[in-house]
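Q: Please take a close look at one part of this model, namely the pairing of charged side chains, and explain it step by step. I would also like to know how that part fits into its surroundings.

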Amino acid sequence: MGEYEHTTIVNLKPQHVFDFVSDVNNLARYLPTVKNAMPQGSDRVRVQGEAAGHPYDSDGSYHIYKDRRRMEWGSDGENRYNGWLEVKDNERGASASVTVHLSFEPRPELAHQYEQQSGDRDRTIHEGLKNALQSVKNLCEDRKV
């Protein structure tokens, strides 16, 4: 299983950043592959979107730990993945350090599509994480949250 991680600094108070990223209704705003996300009761979410030209509709776990400013998720489907995102104080609480971690083992045909997309599956996944955090940064710093 591949392990991927990326961190960025967001110039907004950490609690504001966490409130934005942990709201299921905002997932489609900052995750490039997600088109729709719907809460499915306690600690569950359904996400729909497209990755590497492959549409998906997936249910999974979604846990929010407000006291730690951490969220964790995992899939129920054919692609095995889980991850977490944490928002920590940076520069005495004036800005936030946002880290996302993903453990991912795509189905062989999806892995092949990722490799075709950029020539390197790992690079494609790293770019996806980087782009997601850049979206968070842009939305938060532009106060579109």
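A: A salt bridge is counted here when a side-chain nitrogen of Lys or Arg lies within 4 Å of a carboxyl oxygen of Asp or Glu. By that rule the side chains of glutamate 86 and lysine 88 form a salt bridge, with 3.6 Å from N to O. The model is a predicted one, and the structure holds seven salt bridges. In general, side chains of opposite charge can pair when their charged atoms come close.

Glutamate 86 is a good place to begin, since it also forms a salt bridge with arginine 70, where the closest N and O atoms are 2.7 Å apart. Glutamate 86 belongs to strand S6 (residues 80-90) and arginine 70 to strand S5 (residues 70-75), so this pair ties together parts of the chain that are 16 residues apart in sequence. Both partners count as buried, because buried here means under 20% relative accessible area: glutamate 86 has 15%, and arginine 70 has 12%. Arg70, Glu86 and Lys88 also belong to a network of salt bridges that includes Glu72.

Another pair is found in helix H4, where the side chains of glutamate 141 and lysine 137 meet in a salt bridge at 2.8 Å, N to O. These two residues are four apart in H4, and about one helical turn separates them. As a general rule, an α-helix has 3.6 residues a turn, so residues three or four places apart point the same way. The partners do not share one burial class, since lysine 137 is buried at 18% relative accessible area, while glutamate 141 is partly exposed at 25%.

The surroundings of these pairs can be followed through leucine 85, whose contacts include Arg70, the salt-bridge partner of glutamate 86. Setting aside residues up to four places away in sequence, leucine 85 also touches Val21, Arg69, Met71, Trp73, Val98, Thr99, Val100 and Leu133. Leu85 is one of the residues with the most contacts inside the largest nonpolar core, together with Val17 and Val21, and this core has 30 residues. Helix H4 (residues 121-141) gives the most to it, with six residues. In soluble globular proteins generally, nonpolar side chains tend to be buried together.

Val17 and Val21 lead on to helix H1, in which Pro14, Val17, Phe18, Phe20 and Val21 are buried. Seen down the axis of H1, these buried residues fall within an arc of 160°, so they line one face of the helix. The loop between helix H1 (14-21) and helix H2 (27-30) contains asparagine 26, which is buried at 11% relative accessible area. The side chain of asparagine 26 reaches the backbone oxygen of phenylalanine 20 at 3.0 Å.

For the chain as a whole, the secondary structure comes to four helices and seven strands, and 43% of the 145 residues count as buried. Among contacts between residues at least 6 apart in sequence, 50% join residues at least 24 apart.

A last point concerns confidence in the prediction. The chain averages a pLDDT of 88, and 86% of the residues score at least 70. Among the elements, H1 has the highest mean pLDDT, at 97, and helix H3 (residues 108-118) the lowest, at 63. Where pLDDT is low, the predicted coordinates should not be read in detail.

Conventions. Residues numbered from 1 in each chain as written. Predicted model: local features only at pLDDT ≥ 70, side-chain atom pairs only at ≥ 80, totals over all residues. Heavy atoms only, no water. Core = buried A, V, L, I, M, F, W, Y, C linked by side-chain atoms within 4.5 Å. Buried < 20%, exposed > 50% of the residue type's maximum accessible area, 1.4 Å probe, protein only. Contact = heavy atoms within 4.5 Å. Polar contact = N/O pair within 3.5 Å; in protein donor to acceptor, adjacent residues only side chain to side chain. Arc of directions from axis to C-beta. pLDDT = per-residue confidence, 0-100.
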